[in-house]
Amino acid sequence: MMLRTNGEQKAYLDGFEMCAKCIEKYLTEENKRKLESLLISVRNAVEIEDIEPQESEG
C-alpha cells in the first residue's frame, strides 16, 4: 500500500467529489445513495489519516 501525504489525500478527495457532482444528475436515487456512501467513506479515511499521526506524536 502506498502512503500518501495529507495534501495528496485531500486532492484525491477533491477530485472524487468533483467527479461525483458531474455524474450525479445521471444516477438513479439508489446509485446516488451509493455514491454518497462512497464519498463519506473517502472523507472519513482522509479525516482519520489527519488525526492518527497527531495522536501518535503526542
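Biologist: How many salt bridges are there in this one?
Modeller: The count comes to four salt bridges. Keep in mind that this is a predicted model.

Biologist: OK, start with glutamate 29. Which side chain does glutamate 29 meet in a salt bridge?
Modeller: That would be lysine 32, with N to O at 3.5 Å. The two residues both sit in helix 2, which covers residues 29-57, and they are three residues apart, about one turn of the helix.

Biologist: Why would being about one turn apart matter?
Modeller: An α-helix has 3.6 residues a turn, so residues three or four places apart point the same way. And side chains of opposite charge can pair when their charged atoms come close.

Biologist: Is glutamate 29 buried or exposed?
Modeller: Glutamate 29 counts as exposed, because its relative accessibility is 52% and the cut-off for exposed is over 50%. Its partner lysine 32 has 25%, so lysine 32 counts as partly exposed.

Biologist: What about lysine 34, which residue does it form a salt bridge with?
Modeller: Glutamate 30, and the closest N and O atoms are 3.4 Å apart. Both of these lie in helix 2 as well, four residues apart, again about one turn of the helix.

Biologist: And how accessible are lysine 34 and glutamate 30?
Modeller: Lysine 34 comes out at 47% relative accessibility, so it counts as partly exposed. Glutamate 30 is partly exposed too, with 45%.

Biologist: Which residue does glutamate 36 form a salt bridge with?
Modeller: With arginine 43, where the closest N and O atoms are 3.3 Å apart. There's a network here: salt bridges that share partners join Glu17, Glu36 and Arg43.

Biologist: What are the relative accessibilities of glutamate 36 and arginine 43?
Modeller: Glutamate 36 has a relative accessible area of 34%, which makes it partly exposed. Arginine 43 is at 26% and also counts as partly exposed.

Biologist: Switching topic to cysteines. How many disulfides do you count?
Modeller: Zero disulfides.

Biologist: Why no bond for cysteine 19?
Modeller: Because the closest cysteine sulfur, the one in cysteine 22, is 6.3 Å from the sulfur of cysteine 19, and that's too far for a bond. A disulfide would need the two sulfur atoms within 2.5 Å. Cysteine 22 itself counts as exposed, at 52% relative accessibility.

Biologist: Where on helix 1 are those exposed cysteines?
Modeller: On the face of helix 1 turned away from its buried side. That face carries the exposed residues Met18, Cys19, Lys21 and Cys22.

Biologist: Then which residues of helix 1 are buried?
Modeller: Gln9, Leu13 and Ala20 are buried in helix 1. They cover an arc of only 40 degrees around the axis, so they end up on the same side of helix 1.

Biologist: What span should helix 1 have, and what is the distance between its end C-alpha atoms?
Modeller: Helix 1 runs over residues 6-24, so 19 residues, and at 1.5 Å a residue it should span 27 Å. The end C-alpha atoms are 26 Å apart, which agrees.

Biologist: Zooming out, how many helices and strands are in the protein?
Modeller: Two helices and zero strands.

Biologist: What percentage of the residues count as buried?
Modeller: Of the 58 residues, 14% count as buried.

Biologist: Last one: how much area does the protein expose, and what share comes from carbon and sulfur atoms?
Modeller: The protein exposes about 5,000 Å², and carbon and sulfur atoms supply 57% of that.

Definitions and conventions. Residues are numbered from 1 along each chain as its sequence is written. This is a predicted model: local features need pLDDT of at least 70, side-chain atom pairs count only at pLDDT 80 or more; totals for chains, interfaces and linings use all residues. Side-chain values use heavy atoms; hydrogens and water are left out. Buried means under 20% relative accessible area, exposed over 50%, partly exposed in between (1.4 Å probe, protein chains only). The expected span of a helix is 1.5 Å times one less than its number of residues. The arc is that of the directions from the helix axis to the C-beta atoms. Accessible areas come from the Shrake-Rupley method with a 1.4 Å probe; for residues, only the protein chains shown count as cover.
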